[in-house]
Amino acid sequence: MKILDNKVALVTGAGSGIGLAIAKLYAKEGAKVIVSDINEEHGKSAVEDIKSTGGEATFVKADTSNPEQVEALIKATVDAYGRLDIACNNAGIGGEQATTGDYSIDSWKKVLNVNLDGVFYGCKYQLSQMEKNGGGVIVNIASIHGTVAAPLSSAYTTSKHAVVGLTKNIGVEYGQKNIRCNAVGPAYIETPLLERASGDMKEALIAKHPMGRLGKSEEVAELVLFLSSEKSSFMTGGYYLVDGGYTAV
Ligand SMILES: NC(=O)c1ccc[n+]([C@@H]2O[C@H](COP(=O)([O-])OP(=O)(O)OC[C@H]3O[C@@H](n4cnc5c(N)ncnc54)[C@H](O)[C@@H]3O)[C@@H](O)[C@H]2O)c1
């Protein structure tokens with residue numbers, strides 16, 4: 001018996017990095033997985049990857065910053081597999097790097113639109129479906145920047161702090177409806193999002209982690225799996241770090 005047998009799970013931004021690792025681990029643990037991404041090529045390749053190892057997955061394209069597409073994504077999930085038990089709102093972007101006084105309004109709006117509005121749209125439609133199911137679990141991917149600053153990325157910091165707040169509200173509002181909601185705060189993880197960083201910048205980032213290295217997507221996925229499973233049955237409204245000691249300094 002695998003820990004997610006008979007569960008239907010949805011992961012946004014599942015075509016790459018952390019989301020891909022989560023989708024693969026969910027499938028390995030027995031869930032039927034809806035792999036969603038704005039990037040069709042990467043999403044379809046993730047589904048092939050999962051199927052090649054004996055898992056079950058379906059790709060549904062959706063831009064999480066578009067509420068109509070997110071509503072359609074939840075409907076497509078139910079059309080494909082009949083219900084929704086687990087949702088991981090992972091899709092996110094970094095945005096431009098500038099001090100707050102120089103931060104462009106366009107980049108501010110874009111980052112908040114994907115990283116915050118997109119998570120709200122996801123939760124909104126997932127919660128309605130989970131209430132129909134009689135329960136469910138949501139895991140929102142925040143960041144260490146849900147609790148500490150990311151200098152030159154005020155939109156990112158703001159969006160991730162807000163995701164932590166949204167998660168707390170949902171935990172409180174749905175505590176007696178058999179729906180749990182938690183947030184995860186990874187430090188810097190080796191993903192395509194970070195591959196754009198220069199060598200010097202990467203070394204500086206590594207130095208901020210007491211463990212002396214960046215994290216791996218699979219290490220984040222293990223925490224998300226725990227929070228998505230019955231093993232965390234008394235945990236809701238929380239924010240859990242997977243940060244190699246970054247925020248302990
Ligand atoms: N990599 C890190 O160091 C790190 C650290 C902490 C938190 N995070 C968070 O983890 C999440 C995943 O990051 P990652 O590093 O795996 O990034 P990534 O760039 O490797 O993957 C992000 C995926 O999201 C998709 N995506 C982007 N915008 C989308 C949208 N509007 N709708 C649907 N899909 C969209 C992309 O196509 C991509 O497949 C993000 O929320 C990010 O903020 C990352």
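S229 touches I3, L4 and R180, leaving out residues up to four places away in sequence. In this predicted model, S229 sits in the loop between α8 (217–228) and β7. S229 counts as buried because its relative accessibility is 2%, and the limit for that class is under 20%.

**The sheet**

The loop that holds S229 leads to β7, and β7 belongs to an open sheet of 7 strands. The strand order is β3-β2-β1-β4-β5-β6-β7, with parallel pairing. At the edges are β3 (56–61) and β7, each of which pairs on one side only. Neighbouring strands of this sheet are turned against each other by 20° on average, direction ignored. Strands of a sheet pair through backbone hydrogen bonds, and the pairing is either parallel or antiparallel.

Strand β1 (residues 8–12) runs parallel to strand β2 (residues 32–37), and 5 bridges join them. One residue of β1 can serve as an example: V8 has K32 as its bridge partner in β2.

How many of the residues of β1 are buried? The count is 5 of 5, so β1 is mostly covered. In a regular strand the side chains alternate between the two faces of the sheet. In β1, V8, L10 and T12 point one way, while A9 and V11 point the other way. Residues of both groups are buried.

**Helices on the sheet**

Two helices can be placed against these strands. Helix α3 (residues 67–81) packs on the sheet and touches β1, β2 and β3. The direction of α3 makes about 150° with that of β2. Helix α5 (residues 154–173) lies across β5 (136–141), β6 and β7. Relative to β6, α5 runs at about 160°.

The loops on either side of α5 each hold a residue with a positive phi. L152 is in the loop between β5 and α5. L152 is not a glycine, yet its phi is positive, about 75°. With a relative accessible area of 41%, L152 is partly exposed. N178 lies in the loop between α5 and β6. Its phi is near 60°, again a positive value in a residue other than glycine. N178 counts as exposed because its relative accessibility is 55%, and that class begins over 50%.

**Helix α4 and N113**

N113 is placed in helix α4 (residues 105–133). Its relative accessibility of 26% makes N113 partly exposed. The side chain of N113 makes a polar contact of 2.9 Å with the side chain of D117. Not counting residues up to four places away in sequence, N113 touches S65, G118 and Y121. Of these, S65 is 48 residues from N113 in sequence, and the C-alpha atoms of N113 and S65 are 5.7 Å apart.

**Aromatic rings**

A pair of aromatic rings is described by the distance of the centres and the angle of the planes. A search of the whole structure finds 2 aromatic pairs, listed here.

| Pair | Arrangement | Centre to centre | Angle between planes |
|---|---|---|---|
| F120 and Y121 | tilted | 5.9 Å | 55° |
| Y188 and Y246 | tilted | 6.0 Å | 40° |

Which parts of the chain does the pair of Y188 and Y246 tie together? Y188 lies in the loop between β6 (179–186) and α6 (192–195), and Y246 in the segment after β7 (239–242), so the pair links parts that are 58 residues apart in sequence. Y188 and Y246 are both buried.

In the other pair, is Y121 buried or exposed? Y121 counts as buried, at 16% relative accessibility. Its partner F120 is partly exposed, with a relative accessible area of 39%. A charged residue also lies over a ring: K124 is over the face of Y125, at 5.5 Å from the ring centre.

**Helix α6 and L193**

Helix α6 contains L193. L193 counts as partly exposed, at 42% relative accessibility. Apart from neighbours within four places in sequence, L193 is in contact with G92, I93 and G94. L193 and I18 are 175 residues apart along the chain, and their C-alpha atoms are separated by 9.8 Å.

Technical notes. Residues numbered from 1 in each chain as written. Predicted model: local features only at pLDDT ≥ 70, side-chain atom pairs only at ≥ 80, totals over all residues. Heavy atoms only, no water. Helix = DSSP H or I, 4+ residues; strand = E, 2+ residues; numbered from the N terminus. Buried < 20%, exposed > 50% of the residue type's maximum accessible area, 1.4 Å probe, protein only. Contact = heavy atoms within 4.5 Å. Polar contact = N/O pair within 3.5 Å; in protein donor to acceptor, adjacent residues only side chain to side chain. Phe/Tyr/Trp six-rings, centres within 6.5 Å; stacked < 30°, edge-to-face > 60°. Lys NZ or Arg CZ within 6 Å of the ring centre and 35° of its normal. Pairing = 2+ DSSP bridges. Axes fitted to C-alpha atoms, helices over the stretch in contact; angles between N-to-C directions.
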